[in-house]
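Please open the model in your viewer and keep the sequence panel visible. The tour goes from one selection to the next.

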Amino acid sequence: MTKVFASQADLQQKKVSFTRLSDNAYAYTAEGDPNTGVIIGDDAVMVIDTQATPVMAQDVIRHIRTVTDKPVKYVLMSHYHAVRVLGASAYAAQQVIPSQDTYDLIAERGAQDMQSEIERFPRLFQAVETIPGLTWPTLTFKGEMTLWLGKLEVKLLQLGRGHTKGDTVAWLPQQKILFSGDLVEFGATPYAGDAYFRNWPATLDNLAALQPAKLVPGRGVALTTPEMVRSGLAETRAFVSELYASVRAGAAAGKDLRTTYKETHAALKPKYGQWVIFDHCMPFNVTRALDEATQFPEPRIWTAARDKAMWESLES
Ligand SMILES: [Zn+2]
C-alpha cells in the first residue's frame, strides 16, 4: 500500500497562537504549521513570511490589529517557498523584500514550486483561488541590509545557505530577537528538498553566534528563552547532519535511492518521527541529500509530476 502523498491526508485544523516576544516582536504560530513573524517599529510594521494565501494572511492581519494600528509597510520573504509567500498581496505593503538569491529562485522555479506545494499541502492553501499569482519582490539585497523602523534597527542577513540558496533571517540587535525562517524548526521536521546539506550546519553556527535571546522558527512555537533557542538550533543541526551522514554512507556503499531512503527513514524515525510532517519531508529530504552527495550540487527543480513520481518510487 502506498502512503498518502505528502500532506494530503493532513486535514486537522491547527490552533493559532500570537506570542509577544517584546513590545516590537510577535510570533504567529500554529502547532507546527508555517509561522509568520511580526516586527512593530515606531512608524510601521514588518511581516516576515506571509502565509500561503491572502485569505489566510487576513487572520495574521486580524491578530496584528489587536496590538497595533500602524501600517504594514514591509513584507520580508525569508525564502521563496510558496507556502510562505503567496499570501503577500493581502498586506498591500510598500516593499516586498527578499535576498537577490531568493528573487533568482522565484524567477527560475517559482511557478513549478507553486503548483507542487499546492498539491502537497491542500489544507495549507485555504482559498487557493485568492492567490493572484507569484509574489514578485520590489526590493532585493545581497548579504545584508538594515532598515530603521523609527528607532528600531532591523537587520536582514544572509548567513549562509541551508534550507535554500536564498535564506534570510531578520535580527533585532537591540533586543537579540531572531526570525529564522525555515533554517530552524522546533518540534517540526526540517524540509530539505531544496537544501544545501553541506552548508546548513555552518549556517546554523552563524545564527548561534548572534546569541539570540529569543527566536521565531519557521515552524513550531516561539522560542522565548536562550535555553529554548539553543535546543532549537541544536536539534535542527543534529537532524540535518544525521540525515546527510546516513545518506552519504548509503551513497558510499553504492546503494540506490530506495534502499538509502528506507535505511535513513528507519535510522531517524526513533528520534525524530514524532516531529510534525516527518513522513511528508523524508522522501524529499533523502532524494535531495543523495543528489548532493552524488552528482547534483544544486537542487533540482521539483514539479508536481516529479513529486508524484518520486513518492511512487519510494513509498509504493
Ligand atoms: Zn521553506
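**Stop 1: the zinc site**

Select histidine 79 and histidine 81: both are buried. The model is a predicted one. Now add His163 and Asp182 to the selection, and the protein donors of the zinc ion are complete: NE2 of His79, ND1 of His81, NE2 of His163 and OD of Asp182. These donors lie 2.1 to 2.4 Å from the zinc ion. In the sequence panel, the donors follow the spacing H-x1-H-x81-H-x18-D.

What is the geometry of the site? With angles of 88 to 176° among the four donor atoms, the site of the zinc ion is irregular. It does not count as tetrahedral, because that would need all angles to lie between 85 and 135 degrees.

**Stop 2: the largest cavity**

Keep His81 selected and add Val83, Glu117, Phe121 and Tyr191; these residues lie nearest the centre of the largest cavity, among the 14 that line it. Its volume is about 130 Å³. Colour α2 (82-85) and α3 (100-120), each of which supplies at least two lining residues. The largest share, three residues, comes from α3. By class, the lining of this cavity has eight charged, four nonpolar and two polar residues.

**Stop 3: the second largest cavity**

Leave α2 and α3 coloured and select Met77, Tyr80, Ala82, Val85, Leu86, Ile106, Gly110, Asp113, Leu134 and Thr135, which line the second largest cavity. The elements that give two or more residues to this lining are again α2 and α3, and α3 gives the most, with three residues. The volume here is about 60 Å³. This lining has seven nonpolar, two polar and one charged residues. In total, the model has four cavities of 30 Å³ or more.

**Stop 4: the largest pocket**

Clear the selection and pick Gln13, Val16, Tyr28, Met56 and Gln126, which lie nearest the centre of the largest pocket. The pocket holds about 200 Å³ of space and is lined by 14 residues. Which elements should be coloured here? β2 (25-30) and α1 (54-64) each supply at least two residues of the lining, and the largest share, four residues, comes from α1. Six nonpolar, five charged and three polar residues make up the lining.

**Stop 5: the buried side of α1**

Stay on α1 and select its buried residues: Pro54, Met56, Ala57, Asp59, Val60, Ile61 and Ile64. Then show β1 (17-20), β2, β3 (33-40), β4 (45-48) and β5 (72-76), against which these buried residues pack.

Note on methods
Residues are numbered from 1 along each chain as its sequence is written. This is a predicted model: local features need pLDDT of at least 70, side-chain atom pairs count only at pLDDT 80 or more; totals for chains, interfaces and linings use all residues. Side-chain values use heavy atoms; hydrogens and water are left out. Donors are N, O and S atoms within 2.8 Å of the metal (3.2 Å for Na, K and Ca); water is not among the atoms, so sites may look incomplete. Four donors count as tetrahedral if all angles lie between 85 and 135 degrees; four count as square planar and six as octahedral if opposite donors are over 155 degrees apart and all others between 65 and 115; anything else is irregular. Buried means under 20% relative accessible area, exposed over 50%, partly exposed in between (1.4 Å probe, protein chains only). On a 1 Å grid over the protein atoms alone, a cavity is a set of points where a 1.4 Å probe fits but cannot get out, and a pocket is an open set with protein on both sides within 12 Å along at least five of seven lines; lining residues have an atom within 4 Å of a point. Grid points are joined across faces, edges and corners, and a volume is the space filled by probe spheres set on the points. Ala, Val, Leu, Ile, Met, Phe, Trp, Tyr, Cys and Pro count as nonpolar, Asp, Glu, Lys and Arg as charged, and the others, Gly among them, as polar. Contact means heavy atoms within 4.5 Å.
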